[in-house]
Amino acid sequence: MTGEVTGVIGAQWGDEGKGGHTARLAEEHDVIMRYNGGSNAGHTFDYLGEEVNTHQVPSGVLFPDKLNISGNGVLLNPVALFVDELPKLRAGGIRINEDNYRVSDIAAMVMPHHVILDNAREAGSNSQGTTGRGISYSAADKYGRENFRTEQITENPAQLMRDARTAISMVEAIGIDTANVVKAISKKDGDETYRGISSVDEMLEQWWESAQLLIPYLDNTIGLIRSHLKRGDRLLAEGAQGIGLDMELGTQPLGSSSHCGVGGMINGLGINHEDIKRVFGIAKLPMTRVGGNGYRFPGLIEDSEIAEALRGKRGEIDGEFGKSSGRERDECYPQVPPLVTAVESGGVTDFIITKMDKAEKFGPTMKVAVGYMLDGVRIDSLPPSAAKFERCSPIYEELPTWRTEDIVNIRSFDELPVQALGFIGLIEEKTGKPVSAIGVGPFRDQVIVR
Ligand code: IMP
């Protein structure tokens, strides 16, 4: 008996509404695993009528009988986990303990100096528009083979503490005023992890305490995953961010430091490609981008009334504001090329289109980019370069939209308005993959599965 892995990946720039669909799929699986990203990610769920957010923890925690794993590909921040995420989830009535949550003992950690470096860069002229969670510098140390891995907490704690302090000294040696950066981090909107921290020493102490709390959760997750596969279990690999932010395939260097597609799943969990049976690519009807840092995103909606109607209001469960950073998201017309990349390089076998209830906000028709012109040549997928992407002009097709009221209360594809079926048909024709479900609202039951 062999088990199998189902994947869920973001087919755009993150924020596609993966959370709700991942949670729906989690219910049908035994083990739910995160393989990439870190506390830069934010998934939103409705839980007993309340909004809850996860960042590093898989969505299986919403269900009492699931095993949850943060795999070796996650850039693990113990402080964000124990000071912010777990207390909030527990306050919402969610049970998380060493029995239902395991963390890879070889994951690279996000250390205090990573967070300081990220925030110092963001405050300067070479800001990248990051979430300020220390992700890029943690990845840099991981690939530089500095030993800030979770296993060091127990294998060589004295060395780990020394290295953590040395790294801070090195940051100070390049002229960064760490005390000032820490002050700014402690007051930052949208991130309560370091709230009230008043010095670098306190930040190091807080990290050390959180690292100790992590010890009972640490495990050889690669072996654990294999044993569940051997038992015939069903495993769900829950992706963070999206293909446009992928370290190799996205519009770099303005992406994140993760592998968001099937490649990240294989490496970030230590599984075999043959274990993966199906990969759902989540795509949102109005495409959005947050933190592009001023670069010209092709297909941005110029009409501010339409953009605002699509964005909704701060505080609404489906409002377009970053769950990790609170930043306003830019609204774009629907675009097929990122979805083609999600298939060709990200491994998508089926699409799930979210926010199908928002089409009428575009007016009677909406433009859909079916390709781009880049330097006089037509391309049908995403160029893996921010510089080239900025030079792309979308090739649009104009499609009729449909009314929200004609879609929110139906639960079968057969009853969908012909205009909605037209849009779905276009995605299927251009990507060669089926749309197997759509979302028609922010709640988990507002989904139509084919
Ligand atoms: P970092 O991952 O914090 O280093 O940020 C790098 C880029 O990825 C920035 O443009 C962020 O806005 C973006 N980003 C990172 N995580 C997410 C996410 O979960 N959703 C959407 N954008 C993200």
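A residue counts as buried here when its relative accessible area is under 20%. Keep that cut-off in mind for this predicted model, starting with helix H1, where Lys 18, Gly 19, His 21, Thr 22, Ala 23, Arg 24, Leu 25 and Ala 26 are buried. That makes 8 of the 9 residues of H1 (residues 18-26), so the helix is largely enclosed by the rest of the structure.

**Domains**

Let us step back to the whole chain. The domain assignment gives domain 1 (4-105 + 218-277), domain 2 (112-214) and domain 3 (285-449). The centres of domain 1 and domain 3, taken over C-alpha atoms, are 23 Å apart. Their contact draws on 35 residues from domain 1 and 36 residues from domain 3.

**Strand E5 and its partners**

Strand E5 (residues 67-70) is covered on both faces: Leu 67 and Ile 69 are buried on one side, Asn 68 and Ser 70 on the other. This fits a general pattern: in a regular strand the side chains alternate between the two faces of the sheet. E5 pairs in the parallel sense with strand E2 (residues 31-34), and also with strand E6 (residues 101-104). If you want residues to click on, Val 31 stands opposite Leu 67 in E5, while Ser 70 has Val 103 in E6 as its bridge partner.

Here are the strand pairs with their bridge counts:

| Pair | Sense | Bridges |
|---|---|---|
| E2 and E5 | parallel | 4 bridges |
| E5 and E6 | parallel | 3 bridges |
| E13 and E15 | antiparallel | 8 bridges |

**Helix H8**

Helix H8 (residues 200-214) has 15 residues and reaches 21 Å from its first C-alpha to its last, close to the 21 Å expected at 1.5 Å a residue. Which residues of H8 are buried? They are Val 200, Met 203, Leu 204, Gln 206, Trp 207, Ser 210, Ala 211 and Leu 214. Seen down the axis of H8, these buried residues fall within an arc of 160°, so they line one face of the helix. As a rule, an α-helix has 3.6 residues a turn, so residues three or four places apart point the same way.

**The antiparallel sheet**

Further along, 3 strands form an open antiparallel sheet in the order E14-E13-E15. Strand E14 (377-379) and strand E15 (393-400) are the edge strands, each pairing on one side only. Neighbouring strands of the sheet are turned by 40° against each other on average, direction ignored. Between strand E13 (residues 365-374) and E15, one pairing to look up is Met 366 with Leu 399 in E15. Helix H14 (residues 418-431) lies across E13 and E15, running at about 145° to E15.

Technical notes: Residues numbered from 1 in each chain as written. Predicted model: local features only at pLDDT ≥ 70, side-chain atom pairs only at ≥ 80, totals over all residues. Heavy atoms only, no water. Helix = DSSP H or I, 4+ residues; strand = E, 2+ residues; numbered from the N terminus. Expected span 1.5 Å × (residues − 1). Buried < 20%, exposed > 50% of the residue type's maximum accessible area, 1.4 Å probe, protein only. Arc of directions from axis to C-beta. Pairing = 2+ DSSP bridges. Axes fitted to C-alpha atoms, helices over the stretch in contact; angles between N-to-C directions. Contact = heavy atoms within 4.5 Å. Domains from an automatic or database assignment.
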